Amino acid sequence: MSDSPSAEPAGGVGTLDSVVLDVRNLGVEADFWKALTSGTVSSESDDWITVVTPDRWGIAFQLAPDLVPPQWPGQEHPQQAHLDLYASDMAGASARAVELGATVLRENEQWITLADPAGHPFDICAKEGVDGVTVMGATFDCPDASALAAFWSQVMGEPVTYDADGVAMLGGDRPLLFQTVEGYNAPRWPDPAYPQQLHLDVEVPDLDAGEAAVLAAGATRLPGGSSGFRVFADPAGHPFCLVH
């Protein structure tokens, strides 16, 4: 493994549309993330709300009444993935999150781990010069960070810019990160006993071509979908959707 950038991959399958969190209460969760990130609601229905942040991240929420929330840390009811946020005033941003309904899980000098009202863990990391709270990236737990980063590099068409010590990262405007976790317990969507906690929506120009490309890269087709989207699992079992 190396912390030097890899070569730019040729093209990609699609672009990141949204990070989608399963929630029991759409309004509470959307209001929390909208207030914390100073975002705005871009779409809303009975079972879905999308919030767009000022730094153009889409954070969506889909209704999952029977969601079993993660219990961080640990792998019995794992987080599977989380959002990493930046703030110049880390303590102030954490206090604001708690005021909005979050719970502090762990603190250190570099970041503070909290759970949002639905129980999804997220990290607030210190970074000078940040205006408010911004999204740094989405981080996925997995058994092999290098292997999963290589898969998503093909899907997103972004290079692996870091790969060392069990952590790998893709570049681009919306970074994805991967961390090796001992005893990783994958979701088994749509089994509610092993629920997904969140997933990525990847926008593609053509669903048939997108499906062929992600399957060739190592994805698995999952049940579900419609004329506008199809459901897959990445090599570590994380569900994701191709959307048109």
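Reader: What makes Ser 38 count as exposed?

Author: In this predicted model, Ser 38 has a relative accessibility of 54%. The cut-off for exposed is over 50%, so Ser 38 counts as exposed. Ser 38 belongs to the loop between α1 (26-37) and β2.

Reader: What makes the phi of Ser 38 notable?

Author: Its phi is near 60 degrees, a positive value in a residue other than glycine. Most residues other than glycine have a negative phi.

Reader: Which term, buried or exposed, applies to Asp 165, and why?

Author: The relative accessible area of Asp 165 is 72%. Exposed means over 50%, so the term exposed applies to Asp 165. Asp 165 sits in the loop between β10 (160-164) and β11 (167-170), and it has a positive phi of about 55 degrees although it is not a glycine.

Reader: Why are β2 and β14 said to stand at the edges of the sheet?

Author: Eight strands form an open sheet in the order β2-β3-β4-β1-β13-β16-β15-β14, with mixed pairing. β2 (40-44) and β14 (220-225) each have a single partner strand, so one side of each is left without a neighbour in the sheet. From one strand to the next, the twist averages 30 degrees.

Reader: How do you know that β1 and β4 pair?

Author: Two strands pair if DSSP finds at least two bridges between them. Strand β1 (residues 15-23) and strand β4 (residues 58-63) are joined over five bridges, in the parallel sense, so the criterion is met. Val 23 has Leu 63 in β4 as its bridge partner.

Reader: Which helix packs on the sheet and touches β1?

Author: Helix α3 (residues 145-156) does so, touching β1, β13 (198-203) and β16 (239-243). The direction of α3 makes about 35 degrees with that of β13. Helix α4 (residues 207-217) lies across β14, β15 (229-233) and β16, and runs at about 5 degrees to β15.

Reader: Which residues of the largest nonpolar core touch the most other members?

Author: Of its 58 residues, they are Trp 33, Phe 61, Phe 122, Trp 152, Leu 176 and Phe 178. Helix α3 contributes the largest share of this core, seven residues. Leaving aside neighbours within four places in sequence, the contacts of Trp 33 include Leu 21, Ile 59, Phe 61 and Phe 122. A second, separate core of five residues includes Val 231, Ala 233, Cys 241 and Val 243.

Reader: Where are the prolines that follow Trp 72 and Trp 189?

Author: Pro 73 is in the loop between β4 and β5 (81-87); the bond from Trp 72 to Pro 73 is cis, with omega near -10 degrees. Pro 190 is in the loop between β12 (176-180) and β13; the bond from Trp 189 to Pro 190 is cis, with omega near 10 degrees.

Terms used: Residues are numbered from 1 along each chain as its sequence is written. This is a predicted model: local features need pLDDT of at least 70, side-chain atom pairs count only at pLDDT 80 or more; totals for chains, interfaces and linings use all residues. Side-chain values use heavy atoms; hydrogens and water are left out. Helices (H or I, at least four residues) and strands (E, at least two) are DSSP runs, numbered from the N terminus. Axes are lines fitted to C-alpha atoms, for helices over the stretch in contact, and angles run from 0 to 180 degrees between N-to-C directions. Contact means heavy atoms within 4.5 Å. A nonpolar core is a set of buried Ala, Val, Leu, Ile, Met, Phe, Trp, Tyr and Cys residues joined through side-chain atoms within 4.5 Å. Buried means under 20% relative accessible area, exposed over 50%, partly exposed in between (1.4 Å probe, protein chains only).
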